[in-house]
Amino acid sequence: MAGAARTAGDLAARMSIPKPRLPQRLKRTAHASGAERLRPNAPIVPPQSVAGRALTLVVAIMSFLACLTVGSVSVVWDAAQDWSNDLVREVTIQIRPADGVDMLRQIDSAVTITQRFQGVGTVRALSDDETKALLQPWLGSGLNLDTLPVPRLVQVMVDDPSVLDLPGLKQRIEQEVTGASLDDHSVWTRRLAAMAGAVVAGGFGILALVLFSMVLSVVFATRAAVASNRDVVSVLHFVGAEDSFIAREFQRHFLVLGLRGGIAGGVFACLCFLLLEMFTRQTAGLAGSDQMSALFGPVAVSTPGYLGVIGIVFLVAVLTALTSGLAVKSQLARID
C-alpha cells in the first residue's frame, strides 16, 4: 500500500510540472513571420508616391476648370432663357405722330383692338411722365411732348404666347391705326438664342480641351508608372499574367486617384459658386453688381449646374481609369 501511494504521488507531482514557455522575443518573431505569411500581395503601383500626388493635383485643377466652365455655361444659359421668356411675353405697339391725326384717339383705338385678341393680358399706354423718363437720358429734363414728334408706346403683356395670333394682331394694328407698328421683339429673341448657342458651344469646346489635357497627363503618368515598375510588370507578363489583369491593377490605382482629384476640384468649384452668389447678394445696390444683375439676373448656379459638376467628377474618374488601362496595354504590347 505504501509503494502504491508513493507511485501515485510521484505521478501527480510530474503532472503538475508547468509546461515550458518560449521566451517573449521568440514569440514576437514567430508572430511576425506568421503575419508575413498571411499578408496580402502588395499592389503593383505604390499607392503613395510623388508622381501620384502631383497627378492628383493636376486632375484636381483640370476638374476645377471643367466645373467652372459648366457652371458659367449654366448661368449664361439660364439668363438667356429668362430674357427670351420676358421678350416673348411682352409686345410693344409704337404710334408715330402725323399731321392732322389725334394721337389720343389712335392710342385708344390700338388698346381696344389689342384687348380683343385671345392670349393678351394687360394693355397699357405709357403716360407722358413715363415717356419723358425714357427720353431724359438723351434729351434732358423739361421736355414738352406736344412740340416734339415723339412716338407713343403701348405696352402689351401676353398671358399665353401660344394662343396669341401675332401676325393677325400686327396686320389689324397697322391697317386700322394710323402710323402704328407692332414690335414682337423677334429680332432680339433670335439674337439671344444665337448668343446662348454660341456660349454653350464655346463652353463645350473649352471643356473638351480641358479633358483632353487631363487625358494626356494621365497617359504620361501611366507610362512613368509602368517604367518605374518595369521589372515587376515584365516578370508578371512573362510568367503568364494576362494583360487585362495588369491593366486592372493600374486602372484601380488611377481610378482612386481620379476620384480624389475630381472630388477635390468639384468641391472647390461649388465653394466658388456659393461665394460668388453670396458676394453678389451682399453687394446689391452697387453699380457693378446692378449691371451684372441686369444682364444675368441673380448670379447663381442653378440645380442643373450642380448636377453638371457631379457629372464632371464621375467623368474625370472614368476617363482617368480608362486612359490608364489603354496606356498600360499599349506598353505591354511593346514588351512582346
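This is a conversation between a student and a tutor about reading a predicted model.

Student: What should I know about this model before I start?

Tutor: It is a predicted model, where local features need pLDDT of at least 70, side-chain atom pairs count only at pLDDT 80 or more, and totals for chains, interfaces and linings use all residues. Residues are numbered from 1 along each chain as its sequence is written, and side-chain values use heavy atoms, with hydrogens and water left out.

Student: Okay! How many helices and strands does the protein chain have?

Tutor: Helices (H or I, at least four residues) and strands (E, at least two) are DSSP runs, numbered from the N terminus. Here the protein chain has eleven helices and four strands.

Student: And what share of the residues counts as buried?

Tutor: Buried means under 20% relative accessible area, exposed means over 50%, and partly exposed is in between (1.4 Å probe, protein chains only). In this chain of 336 residues, 33% count as buried. The accessible surface (Shrake-Rupley method, 1.4 Å probe; for residues, only the protein chains shown count as cover) comes to about 21100 Å², and 63% of that belongs to carbon and sulfur atoms.

Student: Which residues does S74 touch, leaving aside its neighbours within four places in sequence?

Tutor: Contact means heavy atoms within 4.5 Å. S74 sits in helix 3 and is in contact with V301, S302 and G305, once those neighbours are set aside. S74 counts as buried because its relative accessible area is 10%. For the whole chain, take the contacts with a separation of 6 or more: 85% of them join residues 24 or more positions apart. I61, also found in helix 3 (residues 50–88), gives you a pair to look at: I61 and G265 are 204 residues apart in sequence, yet 6.1 Å apart in space, C-alpha to C-alpha.

Student: How many salt bridges are there in the whole structure?

Tutor: Side chains of opposite charge can pair when their charged atoms come close. The rule for a salt bridge is a side-chain nitrogen of Lys or Arg within 4 Å of a carboxyl oxygen of Asp or Glu. A search of the whole structure turns up two. One joins R124 and E130, at 2.9 Å from N to O. R124 is partly exposed at 38% relative accessibility, and E130 is partly exposed at 30%. In the other, the closest N and O atoms of R172 and E176 are 2.7 Å apart.

Student: Why are R172 and E176 separated by about one helical turn?

Tutor: Because they are four residues apart in helix 6 (residues 166–176).

Student: Which residues make the nonpolar surface patch?

Tutor: Patches are made of residues with over 30% relative accessible area and no salt bridge: like charges are joined within 9 Å, nonpolar side chains (Val, Leu, Ile, Met, Phe, Trp, Tyr) within 5 Å. This one covers about 910 Å² and is made by L255, L259, I263, V267, F268, L271, L274, L307, I310 and F314. Helix 9 (243–282) and helix 11 (303–335) each give two or more residues, with helix 9 giving the most, at seven. L271, one of the helix 9 residues, is partly exposed at 45% relative accessibility.

Student: Last one: how many disulfides are there?

Tutor: A disulfide is a pair of cysteine sulfur atoms within 2.5 Å, and by this rule the count is zero. C67 has its closest cysteine sulfur in C270, 6.7 Å away, so that is too far for a bond. For C272, the closest cysteine sulfur is again in C270, at 9.3 Å, also too far. C67 is buried at 0% relative accessibility, while C272 is partly exposed at 26%.
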